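I opened this notebook page to record a look-up of aromatic side chains. The entries follow in the order in which I made them.

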Amino acid sequence: MTSLGGLRAVTSAYTVSIHYDRRLYRQDIAGSIAHARMLAKQGIITSEDAAAITQGLREIEREIEDGKFAWRPELEDIHMNVENRLHEKIGDAAGRLHTARSRNDQIALDIRMFVKDAIGEVLAAILDLRTSLVGQAESNADAVMPGYTHVQRAQPVLFAHHMLAYFEMLGRDAARFRQAFDRADVMPLGSGALAGLPYPIDREFVARELGFSRISRNSMDAVADRDFLIDFQSAAAICMMHISRLAEELVLWSSDEFAFLRISEEYTTGSSIMPQKRNPDFAELARGKTGRVYGGLTALLTLMKGLPLTYNRDMQEDKEGFFDTYDTLFATLQIFADMVAKMSIMPYRMREAARGSYVLATDIADYLVNKGMPFREAHGVVARLSRYAVDRGVQFEQLSLDEYRQFSTLLDEDALEISVDSSVAARDVPGGTAFTRINQAVADAKAELEAENDG
């Protein structure tokens, strides 16, 4: 049984959030400076007090950044730690800072500002990874590989086409984060605890000072809303899902069974017992860390689902999962951008895998369709032809014309010319894997990246 002293220690620590919410110090101080400037502009406090508050807060920010700030857990959170230190530095004027403000709208402001900053960094990291994918696509534009369904070789595709598929996925991720930014870009300060404030405040001024595009329209919603955090967590979960799919393919493709590519040694580790092995640990860890990000989303949805309006202390639990998600996603994006850029592609192995299988079956069926045979009938013919080749342990290219014609007299000499290259070239439709289409797709992707860089 816990002693009384031990229980008091537990209860004292139970409500403390300073060990993680102190990450918000820049946002908290910037918000307080803007608030003080607004109070002075509106004549709610004197300009002298606002100047002292501003100077004191800037000194506190330097103390924090220099590692000289003494964090006090008994003050619980970032707000009270900063305010207490401000009082030590400038005296009674510090007590005027919290005029026309509640910790409810203050924390809503801080976390919105942090989310906006985080999204900016995530978008830059997504751009870097997309750039690496396009770089690999462009450098290996002629590399033919088997495309897969059900992890079975299906049809020939270009490796560049495969890389650009992830370029598209990450483009949607970027769009989701931009949407999340827009919903976070709402300034809540001035909502007070929940009902607004009885002071002649200028909320639009504070919004401009802090770079918000607009102010919140309902004070109760402003302090109770964490949708913008859920938006971030959701976008992060989807983005990590895409990265995890790429990670899985890199793990497979770098194995001896595939040998389609080599991952740079700085992103692999050696075995503790088998000296010949290099393990794709970074890719594997990304798969594992995806579950943590999913957990952050689930935890926040569960946290918010039963809360009545407005603020409840439960909402203190919104930050640790968010910070972990942000740290995990940002680091993963940075690592994958460099890992993808540095991986070595083995186009010969890819081509051999495509040729050493039955991925041309659909092309033979299409050949018969072009000779007038209904597709379903052609499908049956080539299914029987495939079984014939499999039973004899040979590839299509090893069959003679006479063997072909056992299954259909529509198969002529030119059917023997069907190859992985002709298969790829035939997919000359918008969105297809044909060489000309991929060259244009790479050019379009590079133009898109350049526009994003300029933006």
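**Aromatic contacts**

I found 15 aromatic pairs in the structure, a pair being rings of Phe, Tyr or Trp (its six-membered ring) with centres within 6.5 Å. I note that this is a predicted model, where local features need pLDDT of at least 70, side-chain atom pairs count only at pLDDT 80 or more, and totals for chains, interfaces and linings use all residues. Residues are numbered from 1 along each chain as its sequence is written, and side-chain values use heavy atoms, without hydrogens and water.

I looked up phenylalanine 114 and tyrosine 326: the ring centres are 5.9 Å apart and the planes stand at 90°, so I entered the pair as edge-to-face (planes over 60 degrees apart; under 30 is stacked, the rest tilted). This pair links distant parts of the chain, 212 residues apart, with phenylalanine 114 in helix α6 (residues 103-139) and tyrosine 326 in helix α12 (residues 319-342); helices are DSSP runs of H or I, at least four residues, numbered from the N terminus. Both phenylalanine 114 and tyrosine 326 are buried, meaning under 20% relative accessible area (1.4 Å probe, protein chains only).

I next checked phenylalanine 232 and phenylalanine 322, whose centres are 5.0 Å apart with planes at 75°, so this pair is edge-to-face. It joins helix α10 (residues 227-253), which holds phenylalanine 232, to phenylalanine 322 in helix α12, 90 residues apart. Phenylalanine 232 has 0% relative accessibility and therefore counts as buried.

I recorded one aromatic cluster formed by Phe114, Phe177, Phe232, Phe322, Phe323, Tyr326 and Phe330.

Methods:
Helix = DSSP H or I, 4+ residues; strand = E, 2+ residues; numbered from the N terminus. Buried < 20%, exposed > 50% of the residue type's maximum accessible area, 1.4 Å probe, protein only.
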